[in-house]
Amino acid sequence: MVDHVAVVISSDTVIEAVGQGVVLTPISELLHQEGQYQHARLKKKFDWERTLNNLKTYLGKPYDKLYLPDNDSIYCTELVQISFVNKKGQRIFAPIPMSFHDESGHITAYWRNFYQQYHMEVPEGQPGTNPNEMILRPELRSLGILKNVQ
């Protein structure tokens, strides 16, 4: 299961959206955290310069713990989805309907309780993305496990 994404922007740095917001993190620090690290690349050509500029414009934005579209906060895969563009400036990753339900189609108690704390309905079906879905996108080619730290 993939529960976080980050973008490598240099040989020693990633940009990511985490609890403290959109930040630059040394890769060495990231790899010392618990978890499995999968490495993927885009199959298609994209505009790295414009994508990098897009990523950097979000530095300092708060983390979106509610995973909502169109607000001033950003979660990890949202950062990827809204930043990567092709040579024409078009986004590479289209949003998908958010899914907070189990295999039977029922919204899980975890998500009902989570959003109830904020007096909100679960944003089921709202546009967005998630790490598990992102890694399976046909636009990406998996390069395997980078590191597995337990």
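A search of the whole structure, which is a predicted model, turns up 13 aromatic pairs. One of them is easy to pick out: the ring centres of Phe114 and Tyr115 lie 4.9 Å apart with their planes at 85°, so this pair is edge-to-face. Phe114 and Tyr115 are both buried. Ring pairs also build a wider cluster, linking Tyr67, Tyr75, Phe100, Tyr110, Trp111, Phe114, Tyr115 and Tyr118.

**The sheet**

Let us turn to the strands. Three of them make an open, antiparallel sheet in the order E1-E2-E3. Strand E1 (7-10) and strand E3 (21-26) are at the edges with a single partner strand each, so one side of each has no neighbour in the sheet. On average, neighbouring strands here are turned by 35° against each other, direction ignored.

Strand E2 covers residues 13-18 and is joined to E1 by three bridges, while six bridges join E2 to E3. Both connections are hairpins: two residues lie between E1 and E2, and two residues lie between E2 and E3. A few opposing residues help to find the register when you look at the model.

| Residue | Stands opposite |
|---|---|
| Val7 | Ile15 in E2 |
| Ser10 | Thr13 in E2 |
| Val14 | Thr25 in E3 |

How many of the residues of E2 are buried? Six of its six are, which leaves the strand mostly covered. In a regular strand, side chains alternate between the two faces of the sheet. For E2, both faces are covered, with Thr13, Ile15 and Ala17 buried on one side and Val14, Glu16 and Val18 buried on the other.

**Helices on the sheet**

Two helices are worth following from here. Helix H2 (residues 48-57) packs on the sheet, where H2 touches E1 and E2, and its direction makes about 110° with that of E1. Helix H3 (residues 76-83) lies across E1, E2 and E3 and runs at about 115° to E2.

Start with H2. At the beginning of this helix, a side-chain oxygen of Asp47 comes to within 3.3 Å of the backbone nitrogen of Glu49. Which residues of H2 are buried? They are Thr51, Leu52, Asn54 and Leu55. Viewed down the axis of H2, these buried residues fall within an arc of 160°, so they line one face of the helix. The general background is that an α-helix has 3.6 residues a turn, so residues three or four places apart point the same way. The buried residues of H2 pack against E1, E2 and H3, whereas Glu49 and Thr57, on the other side of H2, are exposed.

H3 makes a good contrast to look at next. This helix is mostly covered, with eight of its eight residues buried. They are Cys76, Thr77, Glu78, Leu79, Val80, Gln81, Ile82 and Ser83. What covers these buried residues of H3? The cover includes E1, E2, E3, H2 and helix H5 (131-135).

**Two residues up close**

Ser83 is a handy place to see H3 meet its surroundings. This residue sits in helix H3, and Ser83 counts as buried because its relative accessible area is 0%, against a cut-off of under 20%. Not counting residues up to four places away in sequence, Ser83 touches Thr51, Asn54, Leu55 and Tyr58. Thr51, Asn54 and Leu55 are among the buried residues of H2, and the buried residues of H2 do pack against H3.

Leu59 gives a view from elsewhere, in the loop between H2 and H3. Is Leu59 buried or partly exposed? Its relative accessibility is 34%, so Leu59 counts as partly exposed. With neighbours within four places in sequence left aside, Leu59 is in contact with Ile15, Val22, Val23 and Leu24. Ile15 is the E2 residue that stands opposite Val7, and Ile15 is itself buried. Finally, Leu59 and Lys45 are 14 residues apart in sequence, and their C-alpha atoms are 24 Å apart in space.

Conventions. Residues are numbered from 1 along each chain as its sequence is written. This is a predicted model: local features need pLDDT of at least 70, side-chain atom pairs count only at pLDDT 80 or more; totals for chains, interfaces and linings use all residues. Side-chain values use heavy atoms; hydrogens and water are left out. Two strands pair if DSSP finds at least two bridges between them. Helices (H or I, at least four residues) and strands (E, at least two) are DSSP runs, numbered from the N terminus. Axes are lines fitted to C-alpha atoms, for helices over the stretch in contact, and angles run from 0 to 180 degrees between N-to-C directions. Contact means heavy atoms within 4.5 Å. Rings of Phe, Tyr and Trp (its six-membered ring) pair if their centres lie within 6.5 Å; planes under 30 degrees apart count as stacked, over 60 as edge-to-face and the rest as tilted. Buried means under 20% relative accessible area, exposed over 50%, partly exposed in between (1.4 Å probe, protein chains only). The arc is that of the directions from the helix axis to the C-beta atoms. A polar contact is a pair of N or O atoms within 3.5 Å; within protein, one must be able to donate a hydrogen and the other to accept it, and residues adjacent in sequence count only if both atoms are side-chain atoms.
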